[in-house]
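Please open the model in your viewer and keep the selection panel at hand. The tour below goes from one selection to the next and says what is found at each stop.

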Amino acid sequence: MSDTVSRRSALRLLGGSIAVAAAATSAGITTPSHAAAQERRDPGAGPRVEGLMAELTLDEKISLLHGATDPESLGQAGYIPGVDRLAIPPLRLADGPAGVRVTRHATALPAPVLLASAFDPALARRYGQVIGREGRALGQDVLLSPMVNLIRTPYAGRNFETFGEDPLLSADLVAQEIKGIQSEGLIATVKHFALNNQEKDRMTLDVRVDERTMHEVELRAFQAAVRAGTGAVMGAYNKVNGTFACQNKELLTGILRDRFGFEGWVMSDWGATHSTAAAITAGLDMEMPDGTHFGKALKTAVENGSVAEKYVERSVRRLLTVMDGFGLLDGSVPPRPARDAAAGAAVALEVAKAGATLLRNENRTLPLTGAAALSIAVIGPTGSIPFVSGGGSAHVVPDRADSPLDAIKSRARQSAGQSARQGAGQGAQVSYALGEDLFGKAIPRGAFSRGLDTEGQPVAAGKTWTYEGVLTVEDADEWTFVIHYSGTRPKVLLDGEELFPVAPGLAEQFTGGLVSTAPDGLTVRRKTLDLAKGPHQVKITARGGDKGQVFRLRRVTGATRAQDVARAVRAARAAHSVVLFVYEDATEGQDRTTLALPGHQAALIEAVTAANPRTTVVLNTSSATSMPWLERTAAVLQMYYPGQEGAAATAAVLFGDCDPGGRLTQTFPLDDDYHPAADDPRRYPGVKGTEQYSEGVHVGHRWYDAQGVRPLFPFGHGLSYTTFSYGDLRVRGSGRGLEVTFTVRNTGRRDGIDIPQVYVGPSPDLQLDQPVRALAGYRRIGLRAGEERRIAVRVDERTLSSWDTERHDWVLGTGRRTVWLGASAGDLRLRTVAEVRT
Ligand code: BGC
């Protein structure tokens, strides 16, 4: 394939964006002429940037290419000092995917996976606008988001931060979110380029993936982000085919620049730069968060000739060109707006309702109406403590967050008011039981010799407090010690063993969004042990440090747990209906090790559903969960991490003030044994540091179809409170794509939301291992009871194409192709055949 052919076809496929078309070069990814291509493309910087380039000293240029300490930090993740004498302003870079992460309060939006569940690119744009405005209002210039790595394994710790397992849906959403963010003047950073699909070994893992899989699966959303004009790209931690992503020339230059036509700058993930010369020549422009490789080392490399200065200039030009485009170099950037917390909250609420995914609803358990709405037991720790966002860099300090219990109480009172007006006159009874104790109970004073009070020990600044004594255990039991503290973590020794040692490396940083902070803000750590009956030696040392310290030492034991479950069972029995909140706290930096709910929550569900079968389980989880208890429940509502308005949104869905508008963007497997990463450690989590993407293009729902494996809930699944029927499916050619039309009718008695999905089968003309069915289009629609509407969904050429590894280009999958219309990947209702022609 000649380079020119590659370029032309790339442009044809890219279509729309003139900027991208003009930027695309003639180099295919396998040609050796990347550097030459680069030089041809880079002179495009405007006169203002060229003027600055002529003025900047080498030191100044280098200072723009790596992070530094912010003299006036706002608690953001990164800082690039400007060059004051040339009026180049500093840049502040903040996370992240679910809202702006600084030390101040911000709108905590629902997790991106919940946004994605709405299947609504227009909503993604508004989500982006909220973050864009807030980022600027909170003193930031660059947002470290969106994340578009696909959900490839249900265990991955960051599945809540990304959109889902489908390349088309992710591409549609990221494009609109980036447009939204940048329309407010904040520079977006799509991350993590590329194939950072798990947290386990993320710093070192070598992902082995073939060219076709990479293009057809993971890269689609990155390309969409480039087309949408993302200012920055963040390189991933992992290696790809033997080379770290942040010094991978094929990725950073061959694909990102030469094929996608990216003109912005590439920064490393935090600590993901591994070299100086190899990284900058491969195409990394900026090291974050410091200058280990791109600081002094880069200057030395330029001075001794091991890095040509043109590479430094190339990177500076890319950065300044983006800054110029955002008006940051000539002061034309609009003034920073004030925060609009009310508008942010409104979008947060709308997204949480739109993405709420009803997985099961037996005998119309939901919505709660009549007697079911007036006598409710709310159970579970996240029933009273709002689970706002996940852990790690996506965690946001929310403006506010209500407890679901309060939201349910106030909504039940409203129902009671309605029933009183209708003459029924029954008041609302909403009770609460903890069920599963996250933060522990006080250890009785008398259990310690010398009567230690472990509730709220204050230690004055500069003082050290110690206790040495004996803890007497009355019956052998499992104990989870829970420490809550401010300042430096107290040292607690039990029979000589330190209970809460500071974990090495980054592990301390990544401990979860819910479980690592007590409701009053103290840091929390846990340790579970089997304790023998009798005396145990205890030594506690706490240091007041500069500000003084408070700590509590609590416990959960088998006996306290049994009491909590018994209380929950009593509450469930006494109520007409039960809403049982369960959680799973995910964070970057670690993967889950099981799809089961953590702790003893499965046993709690069993006990509560046995006591009251009218139980709705609300899931505040990050990703797929196995549900051995499913059949015992009446309803299951997936709310993921619903953001600061999650309580109101959950109540609105439970009581039917809105239709549950979400559908799954990831397949929920039956259990740990039946999913794409289940039985081959080479595929996940990797063996000897290497991982094979051996499922090829069959990621997510495509794998279940290819293997004939039945999931627990298929991709695209989600129930409405009404029912829909589909009819009159037709397909016609439209350019090099298809236009699929069909009728959707609301056949129930309520207004509702539907998301019909179009899937397309393989091309008979391509001798390739193609997906049995690929998602080809979808449409979110609201229909009134009885309403019918004709819907048209366009299937683009890219969706109908496969990657040709000989030509290193897309090839249209011609011939007779099956087109399905369904309510999910597992509920295909209509089928027809389309003839795809070149
Ligand atoms: C994460 C990035 C994040 C960065 C800065 C890293 O640990 O992987 O997604 O943007 O930290 O907080």
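A residue is called buried here when its relative accessible area is under 20%. With that cut-off in mind, and remembering that this is a predicted model, begin with strand S23, residues 615-620.

**Stop 1: strand S23 and its sheet**

Select S23 and look along the strand: Thr615, Val617 and Leu619 point one way, Thr616, Val618 and Asn620 point the other way, and all of them are buried. In a regular strand, side chains alternate between the two faces of the sheet. Because six of the six residues of S23 are buried, the strand is largely enclosed by the rest of the structure.

Now add strand S22, residues 577-583, which runs parallel to S23 and is joined to it by six bridges. To see one point of contact between these strands, pick leucine 580, which stands opposite valine 617 in S23.

Extend the selection to the whole sheet, an open one of six strands with mixed pairing, in the order S10-S24-S23-S22-S11-S12. Which strands stand at the edges? They are strand S10 (357-361) and strand S12 (429-433), and each has a single partner strand, so one side of each is left without a neighbour in the sheet. From one strand to the next, the twist averages 15°.

At the S12 end, select strand S11 (residues 375-379) as well; S11 and S12 run parallel and are joined by five bridges. Isoleucine 376 has valine 430, in S12, as its bridge partner.

**Stop 2: the largest pocket**

Next, select Val515, Arg526, Tyr583, Pro598 and Gly599, which lie nearest the centre of the largest pocket among the 40 residues that line it. Strand S16 (477-485) and strand S19 (523-531) are the elements that give two or more residues to this lining, and the largest share, five residues, comes from S19. The volume of the largest pocket is about 960 Å³.

If you colour the lining of the largest pocket by residue class, you should find 15 nonpolar, twelve polar and 13 charged residues. Colouring by domain instead shows that at least three lining residues come from each of domain 2 (357-438 + 560-682) and domain 3 (443-515 + 523-552).

**Stop 3: the largest cavity**

Leave the pocket and turn to the enclosed spaces, for a search of the whole structure finds nine cavities of 30 Å³ or more. The largest cavity holds about 230 Å³ of space. To find this cavity, select Glu216, Arg702, Ala774, Thr799 and Ser801, the closest to its centre of the 20 residues that line it. Two or more lining residues come from each of H8, helix H9 (211-227), S30 and strand S33 (801-804).

Where does the largest cavity lie with respect to the domains? Domain 1 (47-341) and domain 4 (724-836) both give residues to its lining, so the largest cavity lies between them. By class, the lining of the largest cavity is made up of nine nonpolar, five polar and six charged residues.

Two helices named here each offer a residue to click on. Proline 167 belongs to helix H8 (residues 167-183) and, at 2% relative accessibility, counts as buried. Phenylalanine 222 is in helix H9, and at 1% relative accessibility this residue too counts as buried. For a sense of distance, the C-alpha atoms of proline 167 and aspartate 751 are 31 Å apart, with their positions 584 residues apart in sequence.

**Stop 4: a four-stranded sheet and a hairpin**

From the cavity, follow S30 into an open sheet of four strands, with antiparallel pairing and the order S30-S29-S35-S36. Strand S30 (774-778) and strand S36 (827-836) are the edge strands, each pairing on one side only. The twist in this sheet averages 30° from one strand to the next.

Inside the sheet, strand S29 (residues 757-760) and strand S35 (residues 815-824) run antiparallel and are joined by four bridges. One place to inspect is glutamine 757, which stands opposite glycine 822 in S35.

End with strand S26 (residues 724-734) and strand S27 (residues 737-746), antiparallel strands joined by nine bridges. Glycine 733 has leucine 738, in S27, as its bridge partner. The hairpin of S26 and S27 has two residues between the strands, and in this hairpin glycine 735 takes a positive phi near 60°.

Definitions and conventions:
Residues are numbered from 1 along each chain as its sequence is written. This is a predicted model: local features need pLDDT of at least 70, side-chain atom pairs count only at pLDDT 80 or more; totals for chains, interfaces and linings use all residues. Side-chain values use heavy atoms; hydrogens and water are left out. On a 1 Å grid over the protein atoms alone, a cavity is a set of points where a 1.4 Å probe fits but cannot get out, and a pocket is an open set with protein on both sides within 12 Å along at least five of seven lines; lining residues have an atom within 4 Å of a point. Grid points are joined across faces, edges and corners, and a volume is the space filled by probe spheres set on the points. Ala, Val, Leu, Ile, Met, Phe, Trp, Tyr, Cys and Pro count as nonpolar, Asp, Glu, Lys and Arg as charged, and the others, Gly among them, as polar. Domain bounds come from an automatic or database domain assignment. Two strands pair if DSSP finds at least two bridges between them. Axes are lines fitted to C-alpha atoms, for helices over the stretch in contact, and angles run from 0 to 180 degrees between N-to-C directions. Buried means under 20% relative accessible area, exposed over 50%, partly exposed in between (1.4 Å probe, protein chains only).
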